[in-house]
Amino acid sequence: MTVEPHRFTALTADVRQSLLAAYADVRAPLLDRPNYRLEAFAERLDQHAAAPGFTLVLALSPARGQAPGTAGGIGPAAGYAYGTTVGPGDGYWQRLAEPLPACFTATPVLALREIGVRPTWRGTGTARQIHDALLADRPERRVALMVNPLAGEGKVLRLYESWGYRGYNSQAATPLSPELTAMIRPIHPATLT
């Protein structure tokens with residue numbers, strides 16, 4: 001199975017619809033939880049789409065959908081990832097459990113806000129392909145994300161570690177979210193230590 005990652009910096013109606021459909025499939029077992037409801041995700045998505053540096057990657061399958069710009073619009077996405085630029089003083093940093101030194105937050109980072117792959121595409125390398133397409137040509141030097149360390153019985157955390165992410169902090173649990181592990185890595189691992 002092959003996919004073609006397509007990058008978007010704006011949410012058109014068909015791009016948004018394709019993303020929401022993929023999200024609903026990816027998170028189907030969790031959609032009854034308040035923070036995972038489709039409406040809650042759509043609200044976060046709209047906020048993030050208006051933020052600096054917003055970029056979305058949809059993995060489209062040539063066999064399952066048409067590429068952007070073709071008649072019929074965008075077909076079903078096998079997966080997605082999106083992120084925004086987080087600068088010094090951004091609320092992103094304020095949510096962390098432990099204060100960070102100013103030097104850590106002084107330069108902008110790419111915050112990987114969401115990544116997901118539909119069940120039939122899991123285990124095919126699609127998540128890594130989407131991730132790497134999102135990081136391609138980014139001006140930031142580092143990428144950060146937050147993950148539930150219990151997701152997939154720890155498999156998701158271990159996957160991110162295998163991609164070079166390292167834990168540096170946590171976000172305290174809220175009524176809508178479990179405690180999350182904050183992770184970071186260089187955008188281009190070979191260029192930084």
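This is a short dialogue on reading a predicted protein model, feature by feature.

Visitor: Before we look at single residues, what should I know about the model and its pLDDT?

Guide: The model is predicted: local features need pLDDT of at least 70, side-chain atom pairs count only at pLDDT 80 or more, and totals for chains, interfaces and linings use all residues. Residues are numbered from 1 along each chain as its sequence is written, and side-chain values use heavy atoms, with hydrogens and water left out. As for pLDDT, it is the predictor's confidence in each residue, from 0 to 100. Here the protein chain averages 90, and 92% of the residues score at least 70. Over residues 64-72 the value falls below 50. Beyond near neighbours in sequence, that stretch has 19 contacts in the model, a contact being heavy atoms within 4.5 Å.

Visitor: How are helices α1 and α2 placed relative to each other, and at what angle do they pack?

Guide: Start with the labels: helices (H or I, at least four residues) and strands (E, at least two) are DSSP runs, numbered from the N terminus. For the geometry, axes are lines fitted to C-alpha atoms, for helices over the stretch in contact, and angles run from 0 to 180 degrees between N-to-C directions. Angles under 35 degrees count as roughly parallel, over 145 as roughly antiparallel, 65 to 115 as roughly perpendicular and the rest as oblique. In this model α1 (residues 13-26) and α2 (residues 38-49) pack at about 135 degrees, with axes 11 Å apart, and the pair is therefore oblique. From α1, Arg16, Leu19, Leu20, Tyr23 and Ala24 meet Leu38, Phe41, Ala42, Arg44, Leu45 and Asp46 of α2.

Visitor: Which residues does Asn35, in the loop between those two helices, contact?

Guide: Setting aside neighbours within four places in sequence, Asn35 is in contact with Tyr23, Ala40, Arg44, Leu176 and Ser177. For accessibility, buried means under 20% relative accessible area, exposed over 50%, and partly exposed in between (1.4 Å probe, protein chains only). At 23%, Asn35 counts as partly exposed.

Visitor: Which residues of helix α5 are buried?

Guide: A general idea helps first. An α-helix has 3.6 residues a turn, so residues three or four places apart point the same way. In α5 (residues 126-135) the buried residues are Thr126, Ile130, His131, Ala133, Leu134 and Leu135. They pack against β1 (4-8), β2 (55-60), β3, β4 (109-117), β5 (142-147) and β7 (180-186).

Visitor: What is the phi of Asp137, which follows α5?

Guide: Most residues other than glycine have a negative phi, and most peptide bonds are trans. The phi of Asp137 is positive, near 65 degrees. Asp137 sits in the loop between α5 and β5 and is exposed, with a relative accessible area of 73%. Glu153 also has a positive phi, near 55 degrees. Its place is in the loop between β5 and α6 (155-162), and at 73% relative accessibility Glu153 counts as exposed.

Visitor: Where do polar side chains such as Thr84 make a polar contact?

Guide: A polar contact is a pair of N or O atoms within 3.5 Å; within protein, one must be able to donate a hydrogen and the other to accept it, and residues adjacent in sequence count only if both atoms are side-chain atoms. The side chains of Thr84 and Arg113 are joined by such a contact of 3.0 Å. Thr84 belongs to strand β3 (residues 77-86) and is buried, at 0% relative accessible area. Asn169, in strand β6 (residues 166-171), is buried too, at 12%. A polar atom of the Asn169 side chain lies 2.8 Å from the backbone oxygen of Glu98.

Visitor: Is Ala111 in strand β4 buried or exposed?

Guide: Ala111 is buried, with a relative accessible area of 0%. Beyond residues up to four places away in sequence, Ala111 touches Tyr82, Gly83, Thr84, Val86, Tyr92 and Ala144.

Visitor: And which residues surround Trp93 as contacts?

Guide: Trp93, in helix α3 (residues 91-94), counts as buried at 7% relative accessibility. Leaving aside neighbours within four places in sequence, Trp93 is in contact with Val86, Gly87, Leu100, Phe104, Thr105, Val109 and Tyr168.
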